Amino acid sequence: MAKIVNSWNDWDPLKRVIVGRCDNSVIPPEEPATSEKVPVDSEMRGMWGLRPLATVERGNECLENLVKAVEDRGVVVDRPTPLQWNQAIGTPDFRNDSMMTCMPPRDILLTIGNEIMASANSFRCRYFEYLAYWPLMKQYFDEDPEFLWTQAPRPRLTDASYKHNYYDEKITLEERLVRTANKDFVTTEVEPMWDAADVMRMGKDLFIQHGLTTNRTAMEWFQRYYPELRVHAMNFPGDPYPIHIDATFVPLRPGLIINNPNRHPAEGQLAIFEANDWQVVDAAQPAHTEPPALCYSSVWLSMNCLVLDPSTVIVEASEVNQQEQMDKLGMNVIPVDLRDAYPFGGGLHCSTADVYREGGCEDYFP
Ligand code: ABU
């Protein structure tokens, strides 16, 4: 039996990866945690239901572009099994009129070494999204005797998990930024809640963004679950909608990180990188001034790249500034047309989840 699952960081040579699917994707109805994420002036506010079929087909075409690009370089690609996401769901603690999608996998699956863990998301509409990955998890379990198939403690997501009246449609950008600076987010601390895309893995160290989707209790939970690893909370006071670290603070190889120039880490949080001679450079400006239609994410998906090995990176085809910067940083750049998949939850890194990268658990911050 083969070793199928192994990954400790986002830069070692990639050999096997999951790429999401857009089928049956839904714009979910508003609920406590999602209201805060959707910008006030977004065309998506107040609308919900199945996404238009033409956009789903185009999103899937983009994901096929990514599949082809990585398969051409010898990477094995696995795909999830979409559910009919527009079904109502319920648990003893809540009801929701719909689920969302199985894009992007990076929000749901966290690979650490030989373990893939399904996350503890704070959006009720994402409560059952892990089911799309269960057939793959079973396959890995059958084929790799060392694979650890894990589900993080399931949050109850009762009303106590959220600050009610937190979202106010009159809130200004400045007020949002004050909240981020004060580490005042929509979730409470009654239970661990986290999106896997808030966790940046760097061998023995996990850098976890504290924001709208991941709370401090989750970080405490991670530290106890992985006593051999070091957990670091990261805050980015310049981000009015802080979710997911992978359009903010993105390692390209040991010693080099690109950082969103509008979202520098809070005071003191760069010290560990400086003390270990890491270079943290401002990412290039996005090529676009607006995200595509019906997209939750910001234009900074420009820096949401997929590193294939320490000298090769996939960058979105229209993000010419980011490509140029990668080239200057010594990376070989592979452009892939993926922009029309952005509305389904993210860019190149988001749209994937690591299954196998070469390499082990190194200490990059001794
Ligand atoms: N899923 C990443 C979104 C980050 C951003 O909107 O900037």
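Guide: A polar contact is a pair of N or O atoms within 3.5 Å; within protein, one must be able to donate a hydrogen and the other to accept it, and residues adjacent in sequence count only if both atoms are side-chain atoms. This model is predicted, so local features need pLDDT of at least 70 and side-chain atom pairs count only at pLDDT 80 or more, while totals for chains, interfaces and linings use all residues. Residues are numbered from 1 along each chain as its sequence is written, and side-chain values use heavy atoms, with hydrogens and water left out.

Visitor: What makes Ser298 and the ligand a polar contact?

Guide: A polar side-chain atom of Ser298 lies 2.6 Å from an oxygen atom of the ligand, which is within the limit, so the pair counts. The side chain of His244 has an N or O atom 2.9 Å from a ligand nitrogen, and that of Arg263 has one 3.0 Å from a ligand oxygen.

Visitor: Why is the pair Glu324 and Lys328 called a salt bridge?

Guide: The term asks for a side-chain nitrogen of Lys or Arg within 4 Å of a carboxyl oxygen of Asp or Glu; here the closest N and O atoms are 3.1 Å apart, so the pair qualifies. These two residues are four apart in helix 7 (residues 320-328), and therefore separated by about one helical turn.

Visitor: Why is Lys328 called exposed?

Guide: Exposed means over 50% relative accessible area, buried under 20%, and partly exposed in between (1.4 Å probe, protein chains only). Lys328 has 66%, so it is exposed, whereas Glu324, at 46%, counts as partly exposed.
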